[in-house]
Amino acid sequence: SVNLASTFAMSSKHKIIIVDTDIRKGLVSKYFKQKNTPGLSEYLSGMATLEEVIKSYINLQVVAISCI
């Protein structure tokens, strides 16, 4: 899914968002070499804001939300 999102981002003018919902084996943050927290579970529980969980990647028009 990360490769597909990266391809779409490079071939269009639209931003792409990836939401990693696999709490047991979330890989999006590992692929982009980012820390896991805060993530989707913190946002859903009210412990983090949406701005805190969205991580942008400058070279690509891709933003991601990790699972934890």
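In which sense do strand 2 and strand 3 pair, and over how many bridges? Strand 2 and strand 3 pair in the antiparallel sense, over 4 bridges. The model described here is predicted, and its chain has an average pLDDT of 79, with 91% of the residues scoring at least 70. Confidence within the chain is highest in helix 3 (residues 40-44), at a mean of 89, and lowest in strand 3 (residues 62-65), at 74, a point to keep in view because strand 3 recurs in the sheet, with 4 bridges to strand 2 and 4 bridges to strand 1.

**The sheet**

- The sheet is open and is formed by 3 strands in the order 1-3-2, with mixed pairing.
- Strand 1 (16-19) and strand 2 (54-57) stand at the edges with a single partner strand each, so each of them has one side that is left without a neighbour in the sheet.
- From one strand to the next, the twist averages 25°.
- Strand 1 and strand 3 pair in the parallel sense over 4 bridges, whereas strand 2 and strand 3 pair in the antiparallel sense, likewise over 4 bridges.

**Residue partners across strand 3**

- Valine 62 in strand 3 is the bridge partner of isoleucine 16, and valine 62 is also the bridge partner of tyrosine 57.
- Valine 63 in strand 3 is, in turn, the bridge partner of isoleucine 17 and also of serine 56.
- Valine 19 stands opposite isoleucine 65, which belongs to strand 3.

**Faces of the strands**

- In a regular strand the side chains alternate between the two faces of the sheet.
- Strand 1 shows such an alternation, with Ile16 and Ile18 pointing to one face and buried, while Ile17 and Val19 point to the other face and are not buried.
- Strand 2 alternates too, with Lys55 and Tyr57 buried on one face, while Ile54 and Ser56 point to the other and are not buried.
- Strand 3 is covered on both faces, as Val62 and Ala64 on one side and Val63 and Ile65 on the other are all buried.

**Helix 1 and its packing**

- Helix 1 (residues 2-11) lies across strand 1 and strand 3, and runs at about 170° to strand 1.
- The buried residues of helix 1 are Val2, Ala5, Ser6 and Ala9; seen down the helix axis they fall within an arc of 100°, so they line one face of the helix.
- An α-helix has 3.6 residues a turn, so residues three or four places apart point the same way.
- These buried residues of helix 1 pack against strand 1, helix 2 (28-31) and strand 3, while the face turned away from the buried side carries the exposed residues Asn3 and Ser11.

**The nonpolar core**

- The largest nonpolar core comprises 10 residues, namely Val2, Ala5, Ala9, Ile16, Ile18, Val28, Phe32, Tyr57, Val62 and Ala64.
- Helix 1, strand 1 and strand 3 each supply at least two residues of this core, and the largest share, 3 residues, comes from helix 1.
- Isoleucine 16, a member of this core, touches Ala5, Phe8, Ala9, Gln61, Val62 and Val63, when residues up to four places away in sequence are not counted.

**Valine 2**

- Valine 2 has its place in helix 1 and has a relative accessible area of 9%, which is under the 20% cut-off, so valine 2 counts as buried.
- With residues up to four places away in sequence not counted, valine 2 touches Ile18, Val28, Tyr31 and Phe32, and of these Ile18, Val28 and Phe32 belong, with Val2, to the largest nonpolar core.
- Although valine 2 and valine 62 are 60 residues apart along the chain, their C-alpha atoms are separated by 9.3 Å.

**Lysine 25**

- Lysine 25 is placed in the loop between strand 1 and helix 2.
- The relative accessibility of lysine 25 is 58%, over the 50% cut-off, and therefore lysine 25 counts as exposed.
- Lysine 25 and glycine 39 are 14 residues apart in sequence, and from C-alpha to C-alpha they are 13 Å apart in space.

Technical notes:
Residues numbered from 1 in each chain as written. Predicted model: local features only at pLDDT ≥ 70, side-chain atom pairs only at ≥ 80, totals over all residues. Heavy atoms only, no water. pLDDT = per-residue confidence, 0-100. Pairing = 2+ DSSP bridges. Axes fitted to C-alpha atoms, helices over the stretch in contact; angles between N-to-C directions. Contact = heavy atoms within 4.5 Å. Core = buried A, V, L, I, M, F, W, Y, C linked by side-chain atoms within 4.5 Å. Buried < 20%, exposed > 50% of the residue type's maximum accessible area, 1.4 Å probe, protein only. Arc of directions from axis to C-beta.
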